[in-house]
Amino acid sequence: MSTEESEVQLKKPWRLSLDSWAVVVALLAALLVRAGAFKHIPW
Amino acid sequence: MADAVAVPQIQPFSPALRFLRVIPGVLLLAAIGYAGKLLEQNLGAYAKLHHWVFPNIEYVLWAILLGLLISNTIGVPEIFRTGVATYEFWLKAGIVLLGSRFLLGDILKLGGVSLLLVAIEIMGAIAFMTFLGRVFHLKPKLITLLAVGSAVCGVSAIIATKGAIDADDEDSSFSIAAILALGAFALFTFPLIGHALHLGDRAYGIWAGLAVDNTAEATAAGALYSDAAGKLAVLVKSTRNAMIGFVVLAYAIYWASQGQAKAVGNKAAFLWQKFPKFVLGFLLISVLATYQFFSKDQVGALANLSRWAFLLTFAGVGLRTNFRDMRKQGLRPFVVGAIGEVVIAGFTLALVVGAGKLLGW
């Protein structure tokens, strides 16, 4: 078995950072509000 | 055989299972936050009904106090911990949504002033913490971590710097414990000082954003004063956060030049990797609000959504603060941090008051 064959290159799966997830979720929520999915959010 | 044979990591949990593990803790955050809101609404009314003298305590403080009580008495059970750790996620999502309450013009106006104040604060804080660390004979990399933590943005900055300068786990634990303990202290003292000095919402908000280190604590310290002060504290703190990449890069280059850290290859990629993306999200929502992408009612809904996200954050701030764990980290870094923070708080207060007089706030 050659060295090249025995070397297993582990590729890290591409993942969003916590920061980016927060942005994605917040933007999605904003778009849902814009689309009228939530008419009123109480406080 | 080459010695670099990578062993595939075993993922113990599938994404679905990881998501399920988060639920109990998030429910706990929501329950504590909501209990804080109910206490604010009902306790004041109950006290008034029974003619008791009782201070009006805001939900922010109730949520933090309830979290602190649980964390420092029975502790946070294992099943909740993964979910409780999501409080940072809610904080950042809340900040992005808060962007809807800022018009771009306000950000440019306030951002310009705060950028200047932030630059002065960062340089002053780094110089003073470095001097203080040397006086107390702390380890050089521990000094770097404390300086970055107090100058830029608390725990995130310390974690980012730790990786970039190859610092010890022990040094980063020391620094994080010191910054968190001082952040908890600031939560209770900043509003009292602000009221004692009769600071306006603007001056107080900018001061909290400049001087309180961790984003969650800065947001809470601002919100404890007033809604307007909370908004400004978030804006100024986000400006500080945006500087994280530059400060960490400068330290990484310095420690690499000393042969004690890996050299930085692509500096632009390094800066992008360290840049807090939620600042971009905040700006994007603000641009959309400025160009009336959202109606007035929708802006109100987004602002309320942001408040709910912060509610979970404030509960998390209390739950993750454990004074027993902090005591274990030792006294010296804490003393250095405490002296540094008091001086930085005084320095930034003078900066804000001076800027206020100059600009007529």
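This passage walks through a few helices and loop residues of chain B, with a brief look at chain A, in a predicted model.

Chain A can be dealt with quickly. Its secondary structure amounts to two helices and zero strands. Chain A has 43 residues, and 16% of them count as buried.

In chain B, helix α6 (residues 140-165) is a good place to start. It has 26 residues, yet its end C-alpha atoms sit only 11 Å apart. A straight helix, at 1.5 Å a residue, would reach 38 Å, so α6(B) falls short of that. There is a bend to go with this: α6(B) turns by about 130 degrees at Val152(B). The helix is also mostly covered, with 23 of its 26 residues buried.

Gly154(B) is part of helix α6 of chain B. It counts as buried because it has 27 C-beta neighbours inside 10 Å, where 20 or more is enough for that label. Leaving aside residues up to four places away in sequence, Gly154(B) touches Gly149(B), Ile179(B), Gly183(B), Asp213(B), Asn214(B) and Thr215(B). Take Gly183(B) from that list: it lies 29 residues from Gly154(B) along the chain, and the two C-alpha atoms are separated by 8.7 Å.

Right after α6(B) comes Asp166(B), with a positive phi near 55 degrees. That is a positive value in a residue other than glycine. Asp166(B) belongs to the loop between α6 and α7 of chain B. It has 13 C-beta neighbours inside 10 Å and therefore counts as partly exposed; a count of 12 or fewer would have made a residue exposed.

The next loop along, between α7 and α8 of chain B, holds His198(B). Here too phi is positive, at about 50 degrees, although His198(B) is not a glycine. His198(B) has 8 C-beta neighbours inside 10 Å, so it counts as exposed.

Helix α16 of chain B (residues 332-359) makes a handy check on the length rule. Its 28 residues should span 40 Å at 1.5 Å a residue, and its end C-alpha atoms are indeed 40 Å apart, so the two figures agree. The buried residues of α16(B) run from Pro333(B) through Val336(B), Gly337(B), Gly340(B), Glu341(B), Ile344(B), Ala345(B), Thr348(B) and Leu349(B) to Val352(B). Who does the covering? The elements over these buried residues include α5 (104-135), α6, α7 (169-196) and α8 (201-211) of chain B. Just past the end of α16(B), Gly360(B) takes a positive phi of about 70 degrees.

One of those covering helices, α5(B), also meets helix α10 (residues 227-242) of chain B. The two axes come within 9 Å and cross at roughly 55 degrees. That angle makes α5(B) oblique to α10(B), since it is neither under 35 degrees nor in the 65 to 115 range for roughly perpendicular pairs. The crossing is right-handed. On the α5(B) side, the contact is made by Ile107(B), Leu110(B), Gly111(B), Ser114(B), Leu115(B) and Val118(B). Their counterparts on α10(B) are Leu235(B), Val236(B), Thr239(B) and Arg240(B).

Methods: Residues are numbered from 1 along each chain as its sequence is written. Chains are lettered from A and ligands numbered from 1 in the order in which they are written. This is a predicted model: local features need pLDDT of at least 70, side-chain atom pairs count only at pLDDT 80 or more; totals for chains, interfaces and linings use all residues. Helices (H or I, at least four residues) and strands (E, at least two) are DSSP runs, numbered from the N terminus. The bend at a residue is the angle between axes fitted to the seven residues ending there and the seven starting there. Two residues are in contact if their C-beta atoms, placed from the backbone, lie within 7 Å. Axes are lines fitted to C-alpha atoms, for helices over the stretch in contact, and angles run from 0 to 180 degrees between N-to-C directions. Angles under 35 degrees count as roughly parallel, over 145 as roughly antiparallel, 65 to 115 as roughly perpendicular and the rest as oblique. A crossing is left-handed if the near helix is turned anticlockwise from the far one by less than a right angle, and right-handed if clockwise.
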